[in-house]
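Morning, everyone. I have one structure to walk through today. Please have a look at it while I talk.

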Amino acid sequence: MGAMTRRNLNNSPFLAAAHGRTPSRTPVWFMRQAGRSLPEYRELREGTSMLDACFKPDMLAEITMQPVRRHDVDAAILFSDIVIPLKAAGIDVEIVPGRGPVMAHAVRTPQDVRNLPVLDDDIAEVAEGIGIILDELTDSQALIGFVGAPFTLASYLVEGGPSKNHERTKSLMHSDPDTWHLLMEKITPTVTRFLQTQISAGIDAMQLFDSWAGYLTERDYREFVLPYSQRILESVDGEIPRIHFGVGTGELLGAMSQAGSEVMGVDWRVPMDSAAERIHNAVGPRVLQGNLDPAILSSGEQAMTREITRIKGEAADAIAAGHATGHIFNLGHGVLPNTAPEDITKAVELIHSVDTGAVAAPEKR
């Protein structure tokens, strides 16, 4: 069903890199490139809640396109939130400004889990918004859809909102593993269904965000999380390139790469060549995505040039060593809200122009 609407993007540097081919330039997009850093976003969102904006096709399309027009990034990332499929399924959740997603009722008992609704339908507003975005994008600009990984969503549900330590989540995992697995079995089809909505509407690639996975040990990640993330990524195997990203997940890169994505996102804490080695040792070479520290965008052109050159160099070294098959430039997490838009535009310009030699895999094909 999805393949019929997929665009043919032969000129897309992002897709070329995601498929391990040689891009015409180093592709770049930024997590949170749409949103609070842009005055046009703040103006458009005035008086509309975050979740409401995600369910308005015209608005979500406009917000998605704003940074693409302004910064010349190589891909748009769908304006959405990881809790959208929970909301669409009928779970009472609101995004509280300055705090994040807050649940009306925390989920902590087997009965709570059994009562959770599952998304079993397309989210028509999102599909419509994707159609509007695809009409405006050029054939060199890709659209990335995304979903939240089940661990991060489970943590919001169990804690009742954002948490500093995720202690209720971890204690449920260890004190009542049966209920934990029941919860993951409940969340996984909802996430998968939302991903299918995006695929059918025509997204060109997807990213699985596991924002909180970095709080877990590798042992716990493998037992309690990996099988479910694997299932979500498997559901779109062969349809579009898949990116997998988590924050503070340097110790988990090997395990996370086993979930099955073509592209592995790396946060700013791990050098790209070290990350490539960890991933390569676990699954063989993959495409890397990352990993400029978001704070560097506000550090001036000299610092930006130095860091961009270093990161591109590390990625080129990893590719030359056979530890990676390509590089998509990104931040090591999201654009910080106070970042000046002109600094983001400047960074994109530098990423496209800084030359560190080859950024393509040695031809083995």
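I will start with the whole chain, then go to one strand, then to two loops.

First, a caution: this is a predicted model. Every value I quote is computed.

So, the overall fold. The protein chain has 16 helices and nine strands. Its C-alpha trace spans about 60 × 45 × 40 Å along the principal axes. Now the radius of gyration. For 365 residues, a compact globule would come out near 21 Å, and this chain has 19 Å, which agrees.

What about burial? Of the 365 residues, 58% count as buried. Now take contacts between residues at least 6 apart in sequence. Of these, 77% join residues at least 24 apart.

On to the surface. The accessible area comes to about 14300 Å², and 48% of that belongs to carbon and sulfur atoms. For charge, count 33 positive and 48 negative side chains. The centres of those two sets lie 3 Å apart.

Now find strand S8, residues 286-292. Is S8 largely enclosed or not? Six of its seven residues are buried, so the rest of the structure largely encloses it. Its partner here is strand S7, residues 263-265. The two pair in the parallel sense, over three bridges. To get your bearings, put glycine 265 on screen: it stands opposite glutamine 289 in S8.

Stay with that strand. Asparagine 291 lies in S8 too. Look at the peptide bond leading into it from glycine 290. That bond is cis, with omega near -5°.

Next, the loop between helix H8, 150-159, and helix H9, 167-175. Asparagine 165 is found there, and so is histidine 166. Which of the categories does each one fall into, buried or partly exposed? Asparagine 165 is partly exposed, at 48% relative accessibility. Histidine 166 is buried, at 0%. The cut-off for buried is under 20%. Histidine 166 also has a positive phi, about 60°, although it is not a glycine.

One distance from this loop. Asparagine 165 and glycine 254 are 89 residues apart in sequence. In space, their C-alpha atoms are 23 Å apart.

Last stop: arginine 32. You will find it in the loop between helix H1, 13-18, and helix H2, 39-45. Its phi is near 60°, again a positive value in a residue other than glycine. Arginine 32 is partly exposed, with a relative accessible area of 47%.

That is the tour. Over to you.

Definitions and conventions: Residues numbered from 1 in each chain as written. Predicted model: local features only at pLDDT ≥ 70, side-chain atom pairs only at ≥ 80, totals over all residues. Heavy atoms only, no water. Helix = DSSP H or I, 4+ residues; strand = E, 2+ residues; numbered from the N terminus. Rg over C-alpha atoms; globule rule 2.2 N^0.38 Å. Buried < 20%, exposed > 50% of the residue type's maximum accessible area, 1.4 Å probe, protein only. Contact = heavy atoms within 4.5 Å. Areas by Shrake-Rupley, 256 points an atom, 1.4 Å probe, with all protein chains shown as cover. Lys, Arg positive; Asp, Glu negative; His and termini not counted. Charge placed at Lys NZ, Arg CZ, Asp CG, Glu CD. Pairing = 2+ DSSP bridges.
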